[in-house]
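Dear colleague,

I am passing on the structure below for you to look over, together with an account of what was found in it. Please read the text with the structure open beside it.

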Amino acid sequence: QVQLVESGGGLVQPGGSLRFSCAASGIIFSFFGMGWYRQTPGKQRELVAVITNAGRTDYADSVKGRFTISRDNAKNTVYLQMNNLKPEDTAVYSCNVHQNDYWGQGAQVTVSS
């Protein structure tokens, strides 16, 4: 059974930083690309960042230069470092086995002063 367990998120002031981690089990982690998505009420889920099994990364234009996705295959974990957070980054963030229907439980990020 595939499980993705997220940790991180919370409330932060504009300009602040947060870090998510997502620990995977039930898959051969190093075989798969991993992604981070976010969603706000009334909007479609948005792909924020993706990292391939080879370590190549790609980002939504809205987060380029501020967010960094990384992975540690020895720990079966993918990370999302979020810097210089803006109020428009407020959303529920979820990790995903890229191009598969396996999702983390989601965690709220609120950027507010």
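Which residue does a disulfide join to C22? The partner is C95, with an S to S distance of 2.0 Å, a disulfide being taken here as a pair of cysteine sulfur atoms within 2.5 Å. Before going further, please note that this is a predicted model, in which local features need pLDDT of at least 70 and side-chain atom pairs count only at pLDDT 80 or more, while totals for chains, interfaces and linings use all residues. Residues are numbered from 1 along each chain as its sequence is written, and side-chain values use heavy atoms, with hydrogens and water left out.

The structure holds one disulfide, and the link of C22 and C95 is right-handed, with 55 degrees about the S-S bond. Because C22 lies in strand β3 and C95 in strand β9, the pair ties together parts that are 73 residues apart in sequence; strands here are DSSP runs (E, at least two residues), numbered from the N terminus. Both cysteines, C22 and C95, are buried, where buried means under 20% relative accessible area, exposed over 50% and partly exposed in between, with a 1.4 Å probe and protein chains only.

Strand β3 pairs with β1 in the antiparallel sense over five bridges, and the bridge partner of L4 in β3 is A24; two strands count as paired if DSSP finds at least two bridges between them. Along β1 (residues 3-7) the side chains alternate, with L4 and E6 buried on one face, whereas Q3, V5 and S7 point to the other and are not buried. Strand β3 is also joined to β8 by six bridges, the two running antiparallel, and R19 stands opposite Q81 in β8.

An open sheet of six strands with mixed pairing has the order β2-β10-β9-β4-β5-β6. Its edges are β2 (10-12) and β6 (57-59), each with a single partner strand, so one side of each is left without a neighbour in the sheet. Within this sheet β4 and β9 run antiparallel and are joined by six bridges, and R38 has Y93 in β9 as its bridge partner.

R38 deserves a closer look. This arginine lies in strand β4 and is buried, with a relative accessible area of 7%. The side chain of R38 makes a polar contact of 2.9 Å with the side chain of D89 and another of 3.3 Å with that of S62, a polar contact being a pair of N or O atoms within 3.5 Å, of which, within protein, one must be able to donate a hydrogen and the other to accept it, and residues adjacent in sequence count only if both atoms are side-chain atoms.

Finally, the largest nonpolar core has 29 residues, and those with the most contacts inside it are L80, M82 and Y93; such a core is a set of buried Ala, Val, Leu, Ile, Met, Phe, Trp, Tyr and Cys residues joined through side-chain atoms within 4.5 Å. Strands that each supply at least two residues of this core include β3 (18-25), β8 (77-82) and β9 (91-97). Leaving aside neighbours within four places in sequence, Y93 is in contact (heavy atoms within 4.5 Å) with residues including F20, R38, L80, M82 and V109.

With kind regards

Definitions and conventions. Helix = DSSP H or I, 4+ residues; strand = E, 2+ residues; numbered from the N terminus.
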